[in-house]
Amino acid sequence: MSEILKERCVGVSVVRVDAADKLTGKIKYAGDYYNDEYLHGKTLRSPYPCALIKKISYGADFDWSAVTVVTEDDIPGENVLNNFNMDVPFLAKNGKVNYVGEPVLLVAAESEDKAEEALKHIFIDYEIIEPSLNVFDSLAGKNLIYNDDNIIKEYNVIKGDASAVFENYDNVFEGVYKTPYQEQAYIEPQVMIAVPSENGVTIYGSMQCPYYVRKESLKLFDFPPENIHVVQTPTGGGFGGKEHFPSIIASHAALLAIKAKKPVKMAYDRVEDMEGTTKRHPSIIRVKTAVSDKGKLLAVESDIIFDAGAYSMASPVVLARAAIAGAGAYNCDNVKIRARAVATNLIPTSAFRGFGAPQIFFAIERHMTRQALKLGLDPVEFKRANLLKQGDVTATGQLLKEPVGLEKCIGALFEKFNYSSLYSEYLNQPFNLKKRRGVGFSAVFHGAGFTGKGEDYIKAKAGVRISPEGTIEVLCGTTEMGQGMRTVLPQIVAETMKVPFSLVSVAETDTDDVPDSGPTVASRTTMIVGKVLKDAASDAYEALIQALKEEYGENDIKMENGAFKVGAEKTVDLKEAAAVLKSQNKPNVYYSQYSSPPGVVWDERKFHGDAYAGYAWAATACEVEVDMETYEVSVLRLVSACDVGKAINPILAEGQIEGGCIQALGYALMEDIVMKNGKIQNNRFATYIIPTAADVPLVEAVLVEEPYSNGPYGAKGLGEMPCVVVAPCVADAVAMAAGIDVCDIPLTPEKLFVRRKGESSDEN
């Protein structure tokens, strides 16, 4: 261990603790678990987007003696996921299916082949109902799926009087912007293993939120909470797709295991994973702005519609984040936002990295560029003149008390990216070039942690355990899913307790051993859970100091080079200090719990106030080249400057930015789920195209540190922000290069060709 890590851990690029095991294949994922006793579970799903189940028949020529079948009738408790709107069934409820792929029943057998064969011998008689396959049909009441209007959730944000401004100003501009579904495309598909016991069940699997899996399944079973034991196995990516959905597949495995009285493993292949799990919400967003003759943004109106699919899942909170960002990162006195999540007979949509922000920021940022060009203004200067700054008030009425890092991000960005000269050069390039280039720019914010009072409801708890061996164990329900949590959180604890990083590890994420720290979502792990752990570690450190003072009658005690210096002569290592603590009958585990920073006020009913305790900020620029014959887009360079507050581990922070930018490039340029009669047509990576190494441009991450007063060592949330800032930046660049006024993504060659042909016809 290098000397620097004995003295300082925060701000150091410590090597990821799980890097070697993942690179060598040593690490064991849920799919790698195998036992001869395991039964294999499979799901029978609806082939129709909307239908009544009239009759279920089982083939008389098939041997059912070795097959376990679970239907809705086998559910001992309530057939509903314990989530936001309490409407998501574990199995098709009350004899009705509402989307293609909805689980109807489950089977388990001694082999996957036997389970698959059993499904072929189950016959369901359906009465087909005409579905609503788009939000406009649903809003028109074509088929009632949810309540009496198909609106799952609606938010309204009002600041000032936008309508009055639009009536009195001439510089009013409107646009409609569309974004698609996006598949999370994690490397490891959904896998769960359920092991029954005499009075409960233990669930192992790939997930972001073990306590969600436990408490969201409570309505399903008659067990007390302590009898549902959940252990997260190493998780090969999540991006939101393993936030709520694992509760469904875990409950399916548990239902089968309890009925069969044997362990059951359910492992989706890629096709089933893509066809049966949640996606990013498609959106249609209308934006209207009014601008003064001097370029000041006077009013913003946003009408946001998200396609939620057949059930609510996380739509209420995804939509909330979009509504809060409905005016973008801009200071505007008059704002009117209406946001609706609409039910359709399509696959439910839910959490995905960015959580509603990528959709609205694509619309707002693209609109602001188009507004500037309409007025003959430079888009970057127009945006910079209107950006939020410290002391401004957001659309929800939040006074920005903390420093706003946007200008720092822009300054750092343009030190790396010569935007102005490239913009001038490409603005005047001949149109008859075979390949044309363009540049784009975007600026965003992202609130870290849950919206409004979310963190107060969760009250994240975390702690540290001092072992007799002289090591420190981090106790938290937060999960590692590739982002580096098992490295960053120990860095915070090691720094706080002034011990070498090598002495700190993270306990396995097991609900029988670690507290509920809240889900691993919302860019909250480092900022929220890290702060709770910092407080717990501080208490543990002070407890050790006090114990040594009492033991040796010495007040001059401090940590030096990983050991306690007691007075002028004596040195006590952590193992000896732990023994002293034990000899004095003092606890070796110290917990802390989240509490909101002072002055944070949110009115959920009015949807007004401090939407987030802290914000991160980002600015991004890119350069693209468009082949004017094929309309293929090549991103040549992308630079993203992100205000992270404090980079606990700089190289991991840069990796988060680079990875998020690449994921967002897929969203902007190529990822496009094709639906036909409610069924996904491109259900595998051969047909659903995501970026490969050949598609990745030079991506540069620039870390900007504008510390947040309530974050651990100033750290803010980072994980989602790179997915928010890229799509509008790329769209601006493509529009400039191709001479096409793009308003929807992905920007595929086919779409650009059709759009350019249409615009050429209009010009003629």
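Here are some notes on a helix, two buried residues and the enclosed spaces of this predicted model.

1. Let's start with helix 17, which spans residues 574-583. Its buried residues are L574, A577, A578, V580 and L581. Their directions from the axis span an arc of only 155°, which means that they sit on the same side of helix 17. That fits a general rule: an α-helix has 3.6 residues a turn, so residues three or four places apart point the same way. On the other side of helix 17 you will find K575, K582 and S583, which are exposed.

2. What do the buried residues of helix 17 pack against? Their partners are one helix, helix 16 (525-552), and a set of strands: strand 17 (461-466), strand 18 (472-475), strand 21 (563-566), strand 22 (570-572) and strand 23 (589-593).

3. Both ends of helix 17 deserve a quick look. At the N-terminal end, D573 acts as the cap, with a side-chain oxygen 3.2 Å from the backbone nitrogen of K575. K575 is also one of the exposed residues of the helix. After the helix comes N585, which has a positive phi, near 55°.

4. Next, R45, a residue of strand 1 (residues 39-45). Is R45 buried or exposed? With a relative accessible area of 17%, R45 counts as buried, the cut-off being under 20%. Its side chain has polar partners: the backbone oxygen of G101 lies 2.9 Å away, and the side chain of E272 is joined to that of R45 by a polar contact of 3.1 Å. Leaving aside residues up to four places away in sequence, R45 touches G101, E102, P103, V104, Y126, Y268, E272 and G276.

5. L400 is a buried residue in a loop. The loop in question runs between helix 11 (379-386) and helix 12 (406-416), and L400 has a relative accessible area of 4% there. Which residues does L400 touch, not counting those up to four places away in sequence? They are L388, K389, Q390, G391, D392 and T394, together with Y615 and W617. For L388, twelve residues away along the chain, the C-alpha separation from L400 is 8.6 Å.

6. On to the enclosed spaces: the whole structure holds five cavities of 30 Å³ or more. The largest cavity has a volume of about 110 Å³. Its lining is made of 17 residues, with I324, G328, T394, A395 and F445 closest to the centre. By type, that lining has twelve nonpolar residues, four polar and one charged. T394 may look familiar, as it is also among the contacts of L400.

7. The second largest cavity offers about 100 Å³ of space. Of its 15 lining residues, V88, Y99, P103, I248 and P348 lie nearest the centre. The lining divides into eleven nonpolar, three polar and one charged. P103 also appears among the residues that R45 touches.

8. Finally, an open space: the second largest pocket, with about 730 Å³. Among the 29 residues lining this pocket, F84, V317, F450, G454 and Y457 are the closest to its centre. Strand 7 (151-159), helix 6 (210-215), helix 9 (315-324) and helix 14 (454-458) each give two or more residues to the lining. If you are thinking about its chemical character, the lining comprises twelve nonpolar, eight polar and nine charged residues.

Notes. Residues numbered from 1 in each chain as written. Predicted model: local features only at pLDDT ≥ 70, side-chain atom pairs only at ≥ 80, totals over all residues. Heavy atoms only, no water. Buried < 20%, exposed > 50% of the residue type's maximum accessible area, 1.4 Å probe, protein only. Helix = DSSP H or I, 4+ residues; strand = E, 2+ residues; numbered from the N terminus. Arc of directions from axis to C-beta. Contact = heavy atoms within 4.5 Å. Polar contact = N/O pair within 3.5 Å; in protein donor to acceptor, adjacent residues only side chain to side chain. 1 Å grid on protein atoms, 1.4 Å probe; cavity = no way out; pocket = protein on both sides within 12 Å on 5 of 7 lines; lining within 4 Å. Points joined across faces, edges and corners; volume = space filled by probe spheres on them. Nonpolar A, V, L, I, M, F, W, Y, C, P; charged D, E, K, R; others polar.
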